[in-house]
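Dear colleague,

I am handing over the structure we spoke about, and my notes on it follow below. Please read them with the model open beside you.

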Amino acid sequence: MKLSQHDFEAIMQQACGSSPLTLASFPGNAGDHLITMSSLTALEKLGLKVRLALPGARLDDTAKDGTLLVAGGGNLVPLYNDVAELIQRMKGACQRLIVLPHTIAGHEPLLRELPDNTLIFCREQTSFNYVSQQVEAQTYLCDDMVFYGDMSVFRESNLPLTWLRELLAAPGAKGLNRRKYLQAKGRLLASWFSRKLGKGRIRDGHFFRTDRESAGKPIPSDNCDASVVFDYGQASLERVRESARDFVNYIDQFDIVRTDRLHVCIAAARLGKTVYFSGGSYHKCRSVYENSIANQFHNVIWT
């Protein structure tokens, strides 16, 4: 049975209330950064104090003496090893391991080795069914963390001025692909002005993925793979927050969103856009659509 948000929050408060918490993120894109920020806002709303460990950070004694939260997403599948390697390294080192809402496939030996006090949250039925057959750990079905996060934190006033200031400051910034960063800020500003000048005109955007999870369909010439374009890296929490903010606000410039990117779809759905959503190379998108979107967001159409 799928958990309600209230039930998810109650389980998290009971499991984490008195323990030092570390949220471990993994290498990802702007959609993953949105998951990270949504997780932080959702957990902080519960009064839980969470330390964020970005990729490459040393998981010190705070993590080893407390509860390690593994950021949600789609990394615990055969296509990737980042989360599997993190869990392998830390499963016996921390007091408790909690895997936040994930799509999970493969990695059978690792799943079977997990301590009994591990909590695993799956974000769709296919993963829940699979994991339930593999582990003794407590396993739950719930929604992706972006459904639980506070989207209002990304809605700032005077964003065009902020983008312009960030664009001008980019040459001195550290840990950035400056050319990519400048192009992203330029795209944001151009889109914002285009929307203002074309007031009343319906804006239709293509947001299809261009990586190995693509279904291989032809990509429109005006496509923007926003998860890649607005990925500014994970050098700091501030950079992760900025990436998630720009990702959400670029999507917000459009009235109609066509995508096979899960978190483009979720963000657009929560922003009230009309969304035409399709699948990628495996079941993730369709499964999350059936679990969390089909009966809750009538502005999303599966194609």
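How many nonpolar, polar and charged residues are there in the lining of the second largest pocket? That lining has 10 nonpolar, 2 polar and 3 charged residues. Please keep in mind throughout that this is a predicted model.

The second largest pocket has a volume of about 200 Å³, and of the 15 residues that line it, Ser25, Pro55, Gly56, Leu86 and Arg89 are the closest to its centre. Helix 4, which spans residues 82–90, gives the largest share of this lining, namely 5 residues.

The largest pocket, for its part, has a volume of about 350 Å³. It is lined by 22 residues, and those nearest its centre are Asn29, Asp32, Arg209, Glu213 and Arg261. Two or more lining residues come from each of helix 2 (30–45), strand 4 (73–76), helix 9 (226–229) and helix 11 (262–270). By class, the lining of the largest pocket divides into 6 nonpolar, 8 polar and 8 charged residues.

Turning to the aromatic rings, a search of the whole structure gives 12 aromatic pairs. One of them joins Trp192 and Phe193, which meet edge-to-face with 5.0 Å from centre to centre and 80 degrees between the planes; Trp192 is partly exposed at 24% relative accessibility, and Phe193 is likewise partly exposed, at 44%. Phe207 and Tyr250 also form a pair, with ring centres 5.9 Å apart and planes at 65 degrees, so this pair too counts as edge-to-face, the cut-off being over 60 degrees. This pair links distant parts of the chain, since Phe207 is in strand 8 (residues 204–207) and Tyr250 is in helix 10 (residues 237–251), 43 residues apart. Phe207 is buried at 1% relative accessibility, and Tyr250 is buried at 6%. Elsewhere, ring pairs link Phe8, Phe121, Tyr140 and Tyr148 into a cluster, while Arg203 lies over the face of Phe254, at 4.5 Å from the ring centre.

Finally, the cysteines: the structure holds 0 disulfides. Cys94 is in none, and the nearest cysteine sulfur, that of Cys16, is 11 Å away; Cys94 is buried, with a relative accessible area of 8%. Why does Cys122 form no bond with Cys142? The sulfur of Cys142 is the closest cysteine sulfur to that of Cys122, but the two are 7.8 Å apart, which is too far for a bond, because a disulfide needs the sulfur atoms within 2.5 Å. Cys122 is buried as well, with a relative accessible area of 0%.

With best wishes

Key: Residues are numbered from 1 along each chain as its sequence is written. This is a predicted model: local features need pLDDT of at least 70, side-chain atom pairs count only at pLDDT 80 or more; totals for chains, interfaces and linings use all residues. Side-chain values use heavy atoms; hydrogens and water are left out. Buried means under 20% relative accessible area, exposed over 50%, partly exposed in between (1.4 Å probe, protein chains only). On a 1 Å grid over the protein atoms alone, a cavity is a set of points where a 1.4 Å probe fits but cannot get out, and a pocket is an open set with protein on both sides within 12 Å along at least five of seven lines; lining residues have an atom within 4 Å of a point. Grid points are joined across faces, edges and corners, and a volume is the space filled by probe spheres set on the points. Helices (H or I, at least four residues) and strands (E, at least two) are DSSP runs, numbered from the N terminus. Ala, Val, Leu, Ile, Met, Phe, Trp, Tyr, Cys and Pro count as nonpolar, Asp, Glu, Lys and Arg as charged, and the others, Gly among them, as polar. Rings of Phe, Tyr and Trp (its six-membered ring) pair if their centres lie within 6.5 Å; planes under 30 degrees apart count as stacked, over 60 as edge-to-face and the rest as tilted. A charge sits over a ring if NZ of Lys or CZ of Arg is within 6 Å of the ring centre and within 35 degrees of the ring normal.
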